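Biologist: I am new to this structure and would like to go through it slowly. Could you show it to me before I start asking?

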Amino acid sequence: VTKFCNEKNHNRDAPNMQNKMCNFRSTEEVILSDSVDNNTAPMQSRPPSPIISVVRKSGRVICLVLDVSGSMGGGRILRQRQAATLFLQQIIEDLSYVGIVTFTSSASILENLVQINSDADRQRLVNSLPTSAGGGTNICAGLHKGFEVLRKDNSNTEGDEIVFLTDGESQITCTNEVANSGSIVHTIALGPVPHQALQEMAKMSGGKYFSAADSLDSNALLDAFASLTASDGDPTQQTIQLESSGKKIDVNGWFNGTVSVDRTVGNDTSFLVLYDISPPEITIKDPSGKEYNEGDCTPDTTLKSLTLNIPGTAKRGDWTYSIFNTRTQTQSLTMTVTSRASSADVAPVMVKAHMSQQSSDGSKPMVVFAEVSQKGLPVTMANVTATIVSSDGDETELQLEDDGAAADVFKHDGIYSKYFTNIKSGKFTLKVKVKDQGGQDKPAIRRHSRAFYIPGYVVDGKVEPNPPKPPINEDDLHVDVGSFTRTVTGESFTVSLPPGVSPPNYPPNKITDLSAKLEEDKVIFTWTAPGADLDQGTAKAYEIRMAEDLDVIRNNFSYAHPINTSSIKPQQAGSVEQYAFTPDNGTIQNGTTLYFAIRAEDIDSMVSDISNIAQVAKFVPFIPPPPPPPVKPTGKPPAPSSGGSDRQHELTAADVLLTTMDSVVETLDRIQTSDAYG
């Protein structure tokens, strides 16, 4: 690439994704309008060539830096031990090196780097986890000691990791050391008022940031540690979280659920139950009906946990669990299910979740994304639900879609999305659950081409047809992996509205999938309904306009001819809308191309952006009259023609075909300056 198209030379008539997704803007216009470099003067000379270093990562080296100050006493130190135990026993990969540091006003090394070669190594680290708390908080002391442990293997911290957990605030003067260390610092903020610098440290070092509530039933702390798998590792060697749920259960109450084990996972499957007060009764049933109960679990009264490890490869299918609270008072219960790939030859279905922004001032809408894939190929038709919880406990549940409408860019690309509109100041956690739909979730074995099909093109006034568009069979695009469940936690995010500014009120989302089809002289429109606030709720009305000039509908929508839409009652966001329109005069002239666009309005009279532009073209080819009937023979020889030929002139099928094709060419020549052939 030597240059970008600009406003002067960009082809706005080309039917491509650039025009569709960027509102017919050139690449230069997009960069200048959306980039942080918008008002920056361009460089006057070419920058120096970059220096590229190729580094091979040797192995995972990680240090847990854990807060044991006085504020971590009681339930918090227990939650920390429960989550760190899950990480050490189930999440961290074999052959990794792990150290443990604790800090109060000063810091101590509990374990120097230990390589994980066996279950005994894992248990040694678990036994070293802190059990008591007391003293002040010095975040930098903990970080300094963590870096000291990381240097034990090769005298540097480049590429190593720190998992830093704290619930407090203290003066932080070591951010430069974090930035210069070359290490990756994951930060976990426990409680409602963690230091803001924790998110900044994670961002500057390429780490992850999580905030976790104190309550057990949120399971947020376990989820944070479960998310710390090696991002660049072999997925067949990583632990995958199938289920993570928690509830407050009343006296004699039940906590039930279903976990699907698909053909891509099943090894090292573990069911972990945590309780608040006393052990509950547990029944876990495999797909064949075999039952396990609390007697089959490994109890740990100090951790208040029960663990069921399934030997070998867990049976494929639906596993059910039922947990009964035998206490005479309400208690919190959680269920966490983890597993690994069933075979090194079969990549497991993986899920990644994130927000479009890790911090927001409310001026720009936020989008939730979840990517569901198997070995890089998209998994389609999944049921994907995101749960966002604010620091004050307010919970928002969103059904993510992969339908190519509203926040979702491309249909069936395995990336599910939804706008998040419940914006207010605070910290938020993100959890995404992916479930099957009767076993219909399928990973695509190849992607659709995103290029628009063009039936033909014109060269020197002559139509050159393209090959016919190949038919697409959806069944050929998928391979069934069976029913499955996955649970992942995305990074936490923050919202800080300016002082005195109310939460934003958003208009309906832009309609991006308007289509138009011509049936005789009737135009049939189809689109996905937007909401009142982006893609949530119900809009109040639609405005559809049309023009024979593309520039009018694109640049002067309000001047285009309006279509009467008073009879349309908008449906709930995400519904399929359809509307039929017939011109006032009842006919559309042959050779006419019409362009259409739509926008929605909500109850507060806020209007959406103008939609994509749909079009129809009416083309009825000229059909010559049938040839005259042949002259019946009279028994006399025919008279010679004026040209001297003795052959009778009869119109053959080839003559008719040539005449028709000439008419087609002439008509296409007349309309080819428009940007559509169909």
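Biologist: How many bridges pair β7 with strand β15 (residues 331–341), and is the sense parallel or antiparallel?

Modeller: Please keep in mind that this is a predicted model, in which local features need pLDDT of at least 70 and side-chain atom pairs count only at pLDDT 80 or more, while totals for chains, interfaces and linings use all residues. Residues are numbered from 1 along each chain as its sequence is written, and side-chain values use heavy atoms, with hydrogens and water left out. Two strands are said to pair if DSSP finds at least two bridges between them, and Glu 243 has Val 337 in β15 as its bridge partner. For β7 and β15, the pairing is antiparallel, over nine bridges.

Biologist: How many of the ten residues of strand β7 (residues 240–249) are buried?

Modeller: A residue is called buried under 20% relative accessible area, exposed over 50% and partly exposed in between, with a 1.4 Å probe and protein chains only. By that standard β7 is mostly covered, and the number of its buried residues is seven.

Biologist: How many helices and strands does the secondary structure of the protein come to?

Modeller: Helices (H or I, at least four residues) and strands (E, at least two) are DSSP runs, numbered from the N terminus. Of the 678 residues of the protein, 45% count as buried. The secondary structure amounts to ten helices and 34 strands.

Biologist: At what angle do helix α3 (residues 75–91) and helix α4 (residues 119–127) pack?

Modeller: Axes here are lines fitted to C-alpha atoms, for helices over the stretch in contact, and angles run from 0 to 180 degrees between N-to-C directions. The axes of α3 and α4 lie 9 Å apart, and the angle is about 170°.

Biologist: Which description follows for α3 and α4, and which residues of α4 make the contact?

Modeller: Angles under 35 degrees count as roughly parallel, over 145 as roughly antiparallel, 65 to 115 as roughly perpendicular and the rest as oblique, and α3 and α4 are therefore roughly antiparallel to each other. With contact meaning heavy atoms within 4.5 Å, α3 contributes Thr 85, Leu 88, Gln 89 and Gln 90, and α4 contributes Arg 122, Gln 123, Leu 125 and Val 126.

Biologist: How many of the 17 residues of α3 are buried?

Modeller: From its first C-alpha to its last, α3 reaches 23 Å, close to the 24 Å expected at 1.5 Å a residue, where the expected span is 1.5 Å times one less than the number of residues. The helix α3 is mostly covered, and its buried residues number 15.

Biologist: Which strands stand at the edges of the open sheet that contains β29?

Modeller: Three strands form this open sheet, in the order β28-β29-β32, with antiparallel pairing, and the twist averages 20° from one strand to the next. Five bridges join β28 to β29 (residues 522–528), with Ser 515 opposite Thr 526. Each edge strand has a single partner, so one side of each is left without a neighbour in the sheet, and these strands are β28 (515–519) and β32 (576–581).

Biologist: Along strand β34 (residues 614–617), which residues point to one face and are buried?

Modeller: Strand β33 (residues 593–601) pairs with β34 in the antiparallel sense over four bridges, and Leu 594 has Val 616 as its bridge partner. The side chains of β34 alternate, with Gln 615 and Ala 617 pointing to the other face and not buried, whereas the buried ones are Ala 614 and Val 616.
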